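Work through the exercises below with the model open. Try each task before reading its solution.

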Amino acid sequence: DDEITTSKPFLENSNRVALVTVSPLGNFVLTWEKLSADAPQDPNLKVWDGKTGEYLCGFVQKVVKREGWPYLKWTHDETYAFMMVTNEIRVYEGNAFQQKDNVRFGDKMRVPGISSFSVPAQASA
């Protein structure tokens with residue numbers, strides 16, 4: 001007998017996504033969608049599990065400029081992630097997003113006027 005199994009769709013409730021990127025090792029997917037007029041407090045910059053598509057955590061990001069995308073970037077080995085917010089870059093442990101509703105950044109760098117940043121593709125020897 002062939003069993004038909006149903007599962008949640010990959011990146012469930014993501015039909016409004018405008019931008020997407022994948023972390024270097026594929027463990028995370030980052031999406032951005034326009035804020036909902038009905039619920040402007042709901043996260044629209046979302047981190048998903050790259051293997052299962054499960055929603056992990058989200059942030060409110062009112063406006064995204066393409067030259068600044070992605071606003072969250074991982075190191076080549078996903079040990080750390082860096083998120084650009086107004087006038088600063090927040091530093092997260094790579095596994096912080098697995099904490100779901102309890103995601104906290106570990107450190108931050110104050111950078112007045114920052115509009116984009118990059119993370120090296122690989123550590124230098």
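Helices (H or I, at least four residues) and strands (E, at least two) are DSSP runs, numbered from the N terminus. This is a predicted model: local features need pLDDT of at least 70, side-chain atom pairs count only at pLDDT 80 or more, and totals for chains, interfaces and linings use all residues. Residues are numbered from 1 along each chain as its sequence is written, and side-chain values use heavy atoms, with hydrogens and water left out.

**Exercise 1. Overall layout**

Task: State how many helices and strands the protein has, and give their order.

Solution.
- Step 1. Count the elements: there are zero helices and eight strands.
- Step 2. Read along the sequence: the pattern is β-β-β-β-β-β-β-β.
- Step 3. Box the C-alpha atoms along the principal axes: they fill roughly 60 × 45 × 25 Å.
- Step 4. Apply the burial classes: buried means under 20% relative accessible area, exposed over 50%, partly exposed in between (1.4 Å probe, protein chains only). Of the 125 residues, 39% count as buried.
- Step 5. Take contacts (heavy atoms within 4.5 Å). Among those with a separation of 6 or more, 42% join residues 24 or more positions apart.

**Exercise 2. The nonpolar core**

Task: Find which residues have the most contacts inside the largest nonpolar core.

Solution.
- Step 1. Fix the term: a nonpolar core is a set of buried Ala, Val, Leu, Ile, Met, Phe, Trp, Tyr and Cys residues joined through side-chain atoms within 4.5 Å.
- Step 2. The largest such core has 28 residues, and V47, F59 and F97 have the most contacts inside it.
- Step 3. Assign strands: β2 (28–33), β3 (45–49), β4 (55–59), β5 (72–74), β6 and β7 (88–93) each supply at least two residues of this core. Strand β6 gives the most, with five.
- Step 4. Look around V47, leaving aside neighbours within four places in sequence. Its contacts include F28, L30, Y55, F59, W74 and F97.
- Step 5. Set this against the general trend: in soluble globular proteins, nonpolar side chains tend to be buried together.

**Exercise 3. Two tryptophans**

Task: Decide whether W32 is buried or exposed, then do likewise for W48.

Solution.
- Step 1. Locate them: W32 lies in strand β2, and W48 is found in strand β3.
- Step 2. W32 has a relative accessible area of 8%, so W32 is buried.
- Step 3. W48 is at 2% relative accessibility, so W48 is buried too.
- Step 4. List partners beyond four places in sequence. W32 touches, among others, V17, L19, L45, Q61 and W69. Partners of W48 include L11, F28, V29, Y55 and L56.
- Step 5. Check one spacing: the C-alpha atoms of W48 and L30 are 6.4 Å apart, with their positions 18 residues apart along the chain.

**Exercise 4. Backbone exceptions**

Task: Find which peptide bond is cis, and which loop holds E78.

Solution.
- Step 1. Recall the norm: most residues other than glycine have a negative phi, and most peptide bonds are trans.
- Step 2. The bond from W69 to P70 is cis, with omega near -5 degrees. P70 sits in the loop between β4 and β5.
- Step 3. E78 is not a glycine, yet has a positive phi of about 60 degrees. E78 lies in the loop between β5 and β6.
- Step 4. N87 is not a glycine either, and has a positive phi of about 65 degrees. N87 belongs to the loop between β6 and β7.
- Step 5. Compare with the cut-offs: E78 is buried because its relative accessible area is 7%, whereas N87 is at 25% and therefore partly exposed.

**Exercise 5. M84**

Task: Decide whether M84 is buried or exposed, from its relative accessibility.

Solution.
- Step 1. M84 is found in strand β6.
- Step 2. The relative accessibility of M84 is 3%, so M84 counts as buried.
- Step 3. Outside the four nearest places in sequence, M84 is in contact with residues including Q61, Y71, I89, I114 and F117.
- Step 4. M84 and F117 are 33 residues apart along the chain, and their C-alpha atoms are separated by 7.8 Å.
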